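Me: I'd like to get better at reading a structure by eye. Could you walk me through one, feature by feature?

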Amino acid sequence: MLSEAAANEIKEIRKRYATARSCIMPCLYVVQREYGYITEEGMREIAKILGVQPVLVFEVSTFYTMYNKKPVGKYHVQVCTNISCSILDGEHIVDVISRKLGIKVKETTPDKKFTLSTVECLGSCGTAPMMQINDKYYENLNDAKVEDILNGLR
Amino acid sequence: MFEPVLLKNINMPDSYKLTSYMSSGGYQALKKALEMTPDSLIQMVKDSGLRGRGGAGFSTGLKWSFIPKDPTLQKYLCCNADEGEPGTFKDRAIIEYDPHQLIEGMVIASYAIGADTSYIYIRGEFSLGADRLEDAIKEAYQKNYLGKNILGTKFSHDIYVHRGAGAYICGEETALLESIEGRRALPRIKPPFPAHVGLFGKPTVINNVETLACIPHIVNRGAAWFASIGPAKSPGPKLFGISGSVNKPGLYELPMGTPLREIIFTHAGGIRPGKKLKAVIPGGVSAPMLTEKDLDTPMDFDSLAAKGTMLGSGAVVVIDDSMCIVKAALITHEFFHHESCGKCTPCREGLDWIVKVMRRIEHGQGKEGDMELLKKLCVDIFGRTFCPLGDGAVMALRGAFNNFTEEFEYHIKNKRCMVNGNR
């Protein structure tokens, strides 16, 4: 069950839009925060509160990549491998993190602390190579910096 | 030295707060605009020559003028802050460091077109930016720059932030509308254009962040001032984001029409030590690449179009001689393939096929005839889709082909890369 605070938040969200359906995206973020990822139960709760068919929530959740359909680690490490980061060897940054954490891309450490992903451009090309961990950007990366950042999160 | 307009506040302490914005003349333009008629505002923006900074370069004033004048109709403004074109990081700077500049531009634009509500569609990854916008909006409400009867006039306006969730296609204006409506972001067919049937079926203007940020300056300093900066047909200050193999990558505000050579060598400090310039993508990855011979091209909409490429978002990506163009093209097309929304068959299936062929060429398994196959796939995708995503992918690939045919051929024939040090 969604917490009362979350249910109230959804009611606030409803005031911002002309239609209930428009609230689906912000509500999915609420569910992701509450449960750690997008659960079927959470999606059904959204549908019920908004009064829309559950399928309308399901189809939105599968279209957008930032809704995690599976649990991710406490720290979701997302490294950009698009063009500007690749020119400055973003792939090497992926290797460094992969070795350090002992996991491959798309894997989570056994202690559920870190998930490693590669992502498309995050709009931080002037400070490449870069990565995002949860909501935070880490820019102008090199081996030593990556080492420090990950050690700081342990 | 060009005096910054859009980035003038960016180095102030707490530049994102209302107090900082006010200290440099913030919200004066809103006061001035509310004393004008909406029609004279639209005329002013038309006269300024401002063209959309999101990539298409359409006249902003003209776009506003397409909105029906009927006062009984609900209208919307949407700010496109779904900055996702690889290489682009300009709107993020405005959003994070000067959100009030954007908000002021949005209130003026909304007044001009008669919209009582607007949405800022910000890409989901820009969490800091979205938080700063929400805070700035709260501050603006407190001072009655937003809300009911703004500054004692009859005009009321609300702004809401809508966070995306990781889909490049949402930067396409009709996909953006679908996304705000809570659907999968599949582009709509045009016509009808959003100016007539937009958000929730109502007349809607969609403008890029940088475009809207220009508005307060045009109102404050006049259309003639704006039109006097840079080339007559695409004037104004422009944010150029320079990334890749340069000594001083970053965001530079320069007059539209600044030559590419000056941007790379004077402002961005030239190519990294020990490397040579090989190719430049002038406007985000959809823009076909240029080479050394094109460096004197002025960076504006028309001059780049004449070179068969585009200004796009003004994102300059510099590629040096240690980078394999086949690899660069593969990275680019993996991106387009990943981001295709899947609605139109030529884009969905065509990009999948292109990526498969590109991967085998890159990994030394290319076959004779692969070049012809790729060229044919380009023909089959181009112009056959609802939105320009497929076209962008084709243009990027053709740009790589046309300039670096021998690298593709070498890869296919010798099963390896002709660039030293690459696999």
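Reply: Sure, we'll go from a whole chain down to single side chains, and keep in mind that this is a predicted model.

Me: Let's start wide. How many helices and strands does chain A have, and in what pattern do they come?

Reply: Chain A has seven helices and four strands. Going along the sequence, the pattern is α-α-α-α-β-α-α-β-β-β-α. The C-alpha trace of chain A spans about 50 × 35 × 25 Å along its principal axes.

Me: What share of the residues in chain A is buried, and what supplies the area that chain A exposes?

Reply: Of the 154 residues in chain A, 53% are buried. Chain A exposes about 7200 Å², with carbon and sulfur atoms supplying 51% of that. As for contacts, take those in chain A between residues at least 6 apart in sequence: 57% of them join residues at least 24 apart.

Me: On to the inside. Which residues touch the most other members of the largest nonpolar core?

Reply: That core holds 155 residues, and Tyr64(A) and Leu102(B) touch the most other members. Helix H16 (residues 389-414) of chain B gives the most to this core, with ten residues. Apart from it lies another core, of 21 residues, including Val246(B), Tyr252(B), Phe301(B) and Leu311(B).

Me: What does Tyr64(A) touch, beyond residues up to four places away in sequence?

Reply: Tyr64(A) touches Met25(A) and Lys69(A), and a list of chain B residues that includes Tyr121(B), Ala165(B), Cys170(B), Ser179(B) and Arg183(B).

Me: Now a single helix. How do I read the length and setting of one?

Reply: An α-helix has 3.6 residues a turn, so residues three or four places apart point the same way. Take helix H9 (residues 209-221) of chain B: its 13 residues reach 19 Å from the first C-alpha to the last, close to the 18 Å expected at 1.5 Å a residue.

Me: Why is H9(B) described as largely enclosed by the rest of the structure?

Reply: Because eleven of its 13 residues are buried. The buried set includes Val209(B), Leu212(B), Ile215(B) and Val219(B), but Glu210(B) and His217(B) belong to it too.

Me: Glu210(B) is a charged residue to find there. What is Glu210(B) linked to by salt bridges?

Reply: Side chains of opposite charge can pair when their charged atoms come close. Here Glu210(B) is part of a salt-bridge network with Lys90(B), Asp91(B) and Lys238(B). Over all chains, a search of the whole structure finds 33 salt bridges.

Me: Which side chain does Glu407(B) meet in a salt bridge?

Reply: Glu407(B) meets Lys278(B), at 2.6 Å from N to O. This pair links distant parts of the chain, 129 residues apart: Glu407(B) is in helix H16 of chain B and Lys278(B) in strand S7 (residues 277-281) of chain B. Glu407(B) counts as buried because its relative accessibility is 5%, and Lys278(B) is buried too, at 12%.

Me: And Asp302(B) with Arg51(B): is each partner buried or partly exposed?

Reply: Their side chains meet at 3.2 Å, N to O. Asp302(B) sits in helix H12 (residues 301-306) of chain B, and Arg51(B) in the loop between helix H3 (38-48) and H4 of chain B, 251 residues apart. Asp302(B) has a relative accessible area of 34%, so it is partly exposed, whereas Arg51(B), at 17%, counts as buried.

Me: Loops next. Where does Ser313(B) lie, and what is Ser313(B) in contact with?

Reply: Ser313(B) lies in the loop between H12 and strand S8 (315-320) of chain B. Despite the loop setting, Ser313(B) counts as buried, since its relative accessibility is 6%. Leaving aside neighbours within four places in sequence, its contacts include Arg53(B), Glu85(B), Thr88(B), Lys90(B), Lys238(B) and Gly283(B). Lys90(B) and Lys238(B) are both in the salt-bridge network you just met.

Me: Last one, the surface. Which residues form a nonpolar patch there?

Reply: Phe58(B), Leu62(B) and Phe66(B) do, with about 250 Å² of accessible area together. Phe66(B) is found in the loop between helix H4 (60-65) and strand S1 (76-81) of chain B. With 39% relative accessibility, Phe66(B) counts as partly exposed.

Definitions and conventions:
Residues are numbered from 1 along each chain as its sequence is written. Chains are lettered from A and ligands numbered from 1 in the order in which they are written. This is a predicted model: local features need pLDDT of at least 70, side-chain atom pairs count only at pLDDT 80 or more; totals for chains, interfaces and linings use all residues. Side-chain values use heavy atoms; hydrogens and water are left out. Patches are made of residues with over 30% relative accessible area and no salt bridge: like charges are joined within 9 Å, nonpolar side chains (Val, Leu, Ile, Met, Phe, Trp, Tyr) within 5 Å. Accessible areas come from the Shrake-Rupley method with a 1.4 Å probe; for residues, only the protein chains shown count as cover. A salt bridge is a side-chain nitrogen of Lys or Arg within 4 Å of a carboxyl oxygen of Asp or Glu. Helices (H or I, at least four residues) and strands (E, at least two) are DSSP runs, numbered from the N terminus. Buried means under 20% relative accessible area, exposed over 50%, partly exposed in between (1.4 Å probe, protein chains only). A nonpolar core is a set of buried Ala, Val, Leu, Ile, Met, Phe, Trp, Tyr and Cys residues joined through side-chain atoms within 4.5 Å. Contact means heavy atoms within 4.5 Å. The expected span of a helix is 1.5 Å times one less than its number of residues.
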